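Here's a quick briefing on a ligand site and some helix packing. Have a look at the model first, then run through the points below.

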Amino acid sequence: MWRGLWTLAAQAARGPRRLCTRRSSGAPAPGSGATIFALSSGQGRCGIAVIRTSGPSSGHALRILTAARDLPPARHASLRLLSDPRSGEPLDRALVLWFPGPRSFTGEDCVEFHVHGGPAVVSGVLQALGSVPGLRPAEAGEFTRRAFANGKLNLTEVEGLADLIHAETEAQRRQALRQLDGELGHLCCGWAETLTKALAHVEAYIDFGEDDNLEEGVLEQADVEVRALEVALGAHLQDARRGQRLRSGAHVVVTGPPNAGKSSLVNLLSRKPVSIVSPEPGTTRDVLETPVDLAGFPVLLSDTAGLREGVGPVEQEGVRRARDRLEQADLILAMLDASDLASPSSCNFLATVVASVGAQSPSDSSQRLLLVLNKSDLLSRKGPGPRPDLPPHLLLSCLTGEGLDGLLEALRKELAAVCGDPSTGSPLLTRARHQHHLQGCLDALGHYKQSKDLALAAEALRVARGHLTQLTGGGGTEEILDIIFRDFCVGK
Ligand SMILES: Nc1nc2c(ncn2[C@@H]2O[C@H](COP(=O)(O)OP(=O)(O)OP(=O)(O)O)[C@@H](O)[C@H]2O)c(=O)[nH]1
Ligand SMILES: [K+]
Ligand SMILES: [Mg+2]
């Protein structure tokens, strides 16, 4: 849809036009033409189940199942008796909705049957639909794929929809909804339009450079537009990983000397007995990873072996794995026994792990750290508090639960910094694919600035814009589409 839109310099004179339309005539969804049907609500016994169809025979199927000559009014719920067209046997009294295309989810003629959710009713209606000529069961994600092929959703919106269906925490839901609303897509479309204008200016200069009628300073104008775009792209790429973390979970690693209470904390935060807790130092050997919802953020929480030297080969391997895992952490929960701060293992831990992460300035540190002093219940009420030379820390007792609320609040703040706040700010890049294309675009803009030759400069702008187009699914390869649509269930 992009090709050939801007080659004429005359277009530059006409000014910008709405270039970023959704994919309307790209490769058709596989097997489109057939009318598909599927159960779109969850499997199993339920109050109401929704079965839907999409395709040209939808209206015909509706008439056959309701034994009616006329279709019900569009987009209104109507109560109808559904019968098996082969035997005439009544199947259910159901609400039916008729959505003539293009004003439907897929853009095609669609029907929704809201039937009673018993398995026999659902399978009866599905079998009845299967007996109508021209209808076949839908494949996974086929409804959404048709919506995409018909220009109802762009690719980032499709990804948002997939994420919304899979969202498990509040923050994930907010982020997915924003993406489904098209925020990222609109942003890319705006950028692509800027590039189209810049390109038109460069092309105009190539074609009519000597022409007196050409506006003065067209090339300078293109340069200004490209520079502004570079700044915007750079800002987005800077927090590129945050949206991905929010989508797939931030890595939080619990570490500390043996017996600090690391496994106790992991069990407390995950509200299940993930790890063995015992008074014996060196209990945890392997890295134990568990997904948890921490203050609305998705987290992969790892319990690790206590860090110490001079132990047997098995525990040593555990310590090696713990250090490996520590390197991958987005957030480190560093834990010490508050009643044992003077021990060599505590001092060593403070001097190495805590000091090295704390030494990074907040802007360049890729890792964040929360220092937690556990077993506060063992500190005498009147006695001196923990050492005064300690870095900022939180007091906690896994035994009594004291300090847990404070820790959760601190975690919420840290995770908001690690994942980004999905309810405010600019839309986040939720997939590596987004980052790849924005970086590609930025690189091409770099080539534009360096090229001495105008034809090469124009080509660089074309490449840059191609990346933005691919991000929203224009010219998307079938391979990428297959991967994305595989995320969907049948009926979506
Ligand atoms: N008094 C008190 N004891 C605690 C607290 N938290 C944990 N413990 C005890 O401390 C001991 C060690 O706890 P774990 O959770 O196994 O400690 P760990 O850091 O995972 O130990 P390793 O895996 O061996 O490195 C156990 O006996 C716990 O019951 C606490 O807040 N107060
Ligand atoms: K232990
Ligand atoms: Mg442990």
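Let's start at the ligand: a polar backbone atom of Thr283 sits 2.8 Å from an oxygen atom of ligand 1. Bear in mind that this is a predicted model. After the ligand site come two helix pairs, both involving H7.

**Around ligand 1**
- Ligand 1 is surrounded by 23 residues, and Thr283 is among the closest, along with Lys262, Ser263, Ser264 and Asp377.
- Gly261 also has a polar backbone atom 2.9 Å from an oxygen atom of ligand 1.
- For Cys398, a backbone N or O atom lies 2.9 Å from an oxygen atom of ligand 1.

**H7 against H15**
- Helix H7 (residues 183-208) packs with helix H15 (residues 454-471) at about 165°, and their axes are 9 Å apart.
- Angles over 145 degrees count as roughly antiparallel, so H7 is roughly antiparallel to H15.
- The H7 and H15 crossing is left-handed.
- On the H7 side the contact includes Leu184, Trp191, Leu195 and Val202, while H15 brings residues including Leu461, Arg462, Arg465 and Leu468.
- By class, that contact of H7 with H15 has 17 nonpolar, one polar and three charged residues.

**H7 against H14**
- The axes of H7 and helix H14 (residues 432-450) cross at roughly 20° and come within 13 Å.
- That angle makes H7 roughly parallel to H14.
- H7 and H14 also have a left-handed crossing.
- Here Leu184, Trp191, Leu195 and Val202 of H7 meet His434, Leu438, Cys441, Leu445 and Tyr448 of H14.
- The tally for the contact of H7 with H14 is eight nonpolar, one polar and no charged residues.

Terms used. Residues are numbered from 1 along each chain as its sequence is written. Chains are lettered from A and ligands numbered from 1 in the order in which they are written. This is a predicted model: local features need pLDDT of at least 70, side-chain atom pairs count only at pLDDT 80 or more; totals for chains, interfaces and linings use all residues. Side-chain values use heavy atoms; hydrogens and water are left out. Axes are lines fitted to C-alpha atoms, for helices over the stretch in contact, and angles run from 0 to 180 degrees between N-to-C directions. Helices (H or I, at least four residues) and strands (E, at least two) are DSSP runs, numbered from the N terminus. Angles under 35 degrees count as roughly parallel, over 145 as roughly antiparallel, 65 to 115 as roughly perpendicular and the rest as oblique. A crossing is left-handed if the near helix is turned anticlockwise from the far one by less than a right angle, and right-handed if clockwise. Contact means heavy atoms within 4.5 Å. Ala, Val, Leu, Ile, Met, Phe, Trp, Tyr, Cys and Pro count as nonpolar, Asp, Glu, Lys and Arg as charged, and the others, Gly among them, as polar. A residue is near a molecule or strand if one of its heavy atoms lies within 4 Å of it. A polar contact is a pair of N or O atoms within 3.5 Å; within protein, one must be able to donate a hydrogen and the other to accept it, and residues adjacent in sequence count only if both atoms are side-chain atoms.
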